[in-house]
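Me: I'd like to talk through this structure with you, if you have a moment. Can we take it one contact surface at a time?

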Amino acid sequence: MARKIRVLVAKPGLDGHDRGARVIARGLRDAGMEVVYTGLHQTPEQVVEAAIQEDVDVVGLSILSGAHMTLFPKICELLRENDSEDIKVIGGGTMPEEDVKELVEKGWAAQIFTPGATLEQIAKWIYDNV
Amino acid sequence: MIDIDKLLAGDRRMAARAISMIEDEDEDRQKLLSELFPHTGNVLTIGITGSPGAGKSSLTDALTRQARQQDLKVGIIAVDPTSPISGGALLGDRIRMQEHALDRGVFIRSMGTRGCLGGLARATKDAVKVLDAFGCNIIFIETVGVGQSELDIMHYADTTLVVLTPGAGDHVQTIKAGIMEIANIFVINKADLGNTGKMITDIEQMLDMSSHHNGWRPPIIKTVTTEEKGLPELWNMILTHKEYNETSGAQKENERKRVQQEVQELLEEKIQNQLKLKLSSNGNMWKLVESIVERNMDPYAAANKLLKEFLSI
Ligand SMILES: Nc1nc2c(ncn2[C@@H]2O[C@H](COP(=O)(O)OP(=O)(O)O)[C@@H](O)[C@H]2O)c(=O)[nH]1
Ligand SMILES: [Mg+2]
């Protein structure tokens with residue numbers, strides 16, 4: 001049987017709802033992936049631990065709280081500490097353009113999808129990069 | 001690649017990768033399982049089944065808390081259905097298990113049912129072996145109680161909990177017979193939401209009419225996971241069942257049955273694969289099909305002829 005792509009969709013940070021994350025999770029499932037969904041208010045430590053146990057290829061972070069410039073580096077650092085930097089971290093949410101650039105340039109995110117991105121684009125990126 | 005020594009020493013990354021190899025039916029998984037096998041046989045497996053939303057994940061979470069209080073290392077395998085259309089799956093059982101997310105004594109793995117018949121049961125049993133070798137003392141296996149694969153998995157567990165809820169349409173008479181029969185313990189969860197009396201009477205009546213294997217009559221425990229009610233009772237009942245299994249000899253008997261079943265399944269799978277290979281690689285089948293279409297031979301005679309050829313290889 002073919003290898004199945006596994007993705008962890010996480011909603012770190014303190015803001016209240018996870019509608020966006022759920023839409024992404026369902027969309028990736030409909031694109032044929034196994035999506036582990038962990039719910040609201042995840043700490044970076046929880047995200048990384050789940051990513052390791054679930055042996056995912058990709059971690060998708062939905063961030064609306066504005067804390068992206070601390071969350072992405074923290075998660076990357078924890079992945080590295082756990083010998084798991086092969087797991088790709090992608091993100092979505094509203095972020096200033098210069099932040100997106102910095103996150104990608106510094107290698108803290110493999111790709112950032114801004115609110116205009118379609119599910120097809122996200123799924124395609126994952127299929128192309130895993 | 002999997003570093004077996006690291007896995008045996010409790011490396012989470014290795015255990016996680018080993019389970020992926022099994023799920024992906026990687027060719028090297030047999031070798032891996034052979035190497036792990038001598039280090040297995042030390043784990044208590046608890047199956048938890050019931051309708052979607054009955055509270056299986058919440059119960060798993062609560063029972064994990066009980067097990068951790070006794071310093072047991074816990075493994076959790078949570079199975080959710082794979083969409084037959086897309087082949088994808090949404091695995092959301094972790095949402096209810098966040099309390100243990102950072103506890104190094106708890107390893108949680110979500111699995112999709114994926115495609116092939118029997119494949120899920122096979123993968124789950126092998127994932128149990130990985131977590132056993134990894135050092136878990138107790139493994140909870142959560143499945144939605146519907147298909148044959150799920151029933152097979154529950155047969156594999158030492159203790160099976162069937163989770164029901166009052167009111168919500170879980171009427172004892174309409175629940176699939178197979179599911180009621182695999183229960184070692186009945187759990188009526190969400191006891192806060194309705195009258196449990198009728199449900200208990202119905203289960204008791206059903207139990208009165210059935211014969212109890214090894215003399216264990218499945219007890220009924222009421223729980224409210226959201227209020228932490230009934231959980232020490234449920235945990236103690238699991239331990240009572242374990243003790244009963246050990247002292248009555250059921251443990252050994254079950255293990256022999258399981259192993260026999262497992263070997264037989266593997267053998268059947270191997271024969272089937274060989275057979276497919278053989279049939280696709282020689283043209284005999286097509287000649288026979290022609291003869292059958294022409295009414296020169298019947299399907300039974302053709303199958304017998306092919307079987308003879310196959311067995312004489
Ligand atoms: N009222 C009530 N709700 C519960 C109880 N146990 C679980 N729930 C809720 O039932 C829903 C489904 O629970 P979950 O554990 O995910 O069920 P599963 O699908 O069987 O794994 C969740 O919203 C839980 O909070 C209970 O004892 N009482
Ligand atoms: Mg569940």
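**Domains, metal site and chain interface**

Reply: Between domain 1 of chain B and domain 2 of chain B there are four salt bridges, bearing in mind throughout that this is a predicted model.

Me: Which side chains meet in a salt bridge at 3.0 Å there?

Reply: That salt bridge joins R122(B) and E262(B), with 3.0 Å from N to O. Beyond the salt bridges, three residue pairs with both members at pLDDT 80 or more are in polar contact between the two domains of chain B.

Me: And which helices of chain B supply the domain 1 side?

Reply: Both α3 (29-36) and α5 (119-133) of chain B give at least two residues to the side of domain 1 that touches domain 2, and α5(B) provides the largest share, with four residues. By class, that side of domain 1 of chain B has five charged residues, one polar and one nonpolar.

Me: Where do the domains start and end, and how many Å separate their centres?

Reply: The domain assignment of chain B places domain 1 at 4-247 and domain 2 at 261-311, and their centres, taken over C-alpha atoms, are 38 Å apart. Seven residues from domain 1 of chain B and five residues from domain 2 of chain B take part in the contact.

Me: What area is buried between them?

Reply: About 430 Å² is buried between domain 1 and domain 2 of chain B, and carbon and sulfur atoms give 26% of that. On the domain 1 side, Q30(B), R122(B) and K125(B) lose the most area to domain 2 of chain B, together 72% of what that side buries.

Me: Switching topic, what coordinates the magnesium ion (ligand 2)?

Reply: S57(B) through OG, D93(B) through OD and E142(B) through OE coordinate the magnesium ion (ligand 2), at 2.1 to 2.2 Å. The spacing of these donor residues in sequence is S-x35-D-x48-E.

Me: Why does the pair S57(B) and D93(B) tie together parts that are apart in sequence?

Reply: Because S57(B) lies in helix α4 (residues 56-69) of chain B, while D93(B) lies in the loop between β3 (89-91) and β4 (106-112) of chain B, the pair ties together parts that are 36 residues apart in sequence.

Me: Last one, what about chain A against chain B?

Reply: There, 33 residues of chain A contact 31 residues of chain B, and the two chains bury about 2,700 Å² between them, with 46% of it on carbon and sulfur atoms. Eight salt bridges are found across this interface, and one salt bridge between the chains joins the side chains of E23(B) and R6(A) at 3.6 Å, N to O.

Note on methods:
Residues are numbered from 1 along each chain as its sequence is written. Chains are lettered from A and ligands numbered from 1 in the order in which they are written. This is a predicted model: local features need pLDDT of at least 70, side-chain atom pairs count only at pLDDT 80 or more; totals for chains, interfaces and linings use all residues. Side-chain values use heavy atoms; hydrogens and water are left out. Domain bounds come from an automatic or database domain assignment. Contact means heavy atoms within 4.5 Å. Buried area is the accessible area (1.4 Å probe) that two parts lose on being put together, summed over both. A polar contact is a pair of N or O atoms within 3.5 Å; within protein, one must be able to donate a hydrogen and the other to accept it, and residues adjacent in sequence count only if both atoms are side-chain atoms. Ala, Val, Leu, Ile, Met, Phe, Trp, Tyr, Cys and Pro count as nonpolar, Asp, Glu, Lys and Arg as charged, and the others, Gly among them, as polar. Donors are N, O and S atoms within 2.8 Å of the metal (3.2 Å for Na, K and Ca); water is not among the atoms, so sites may look incomplete.
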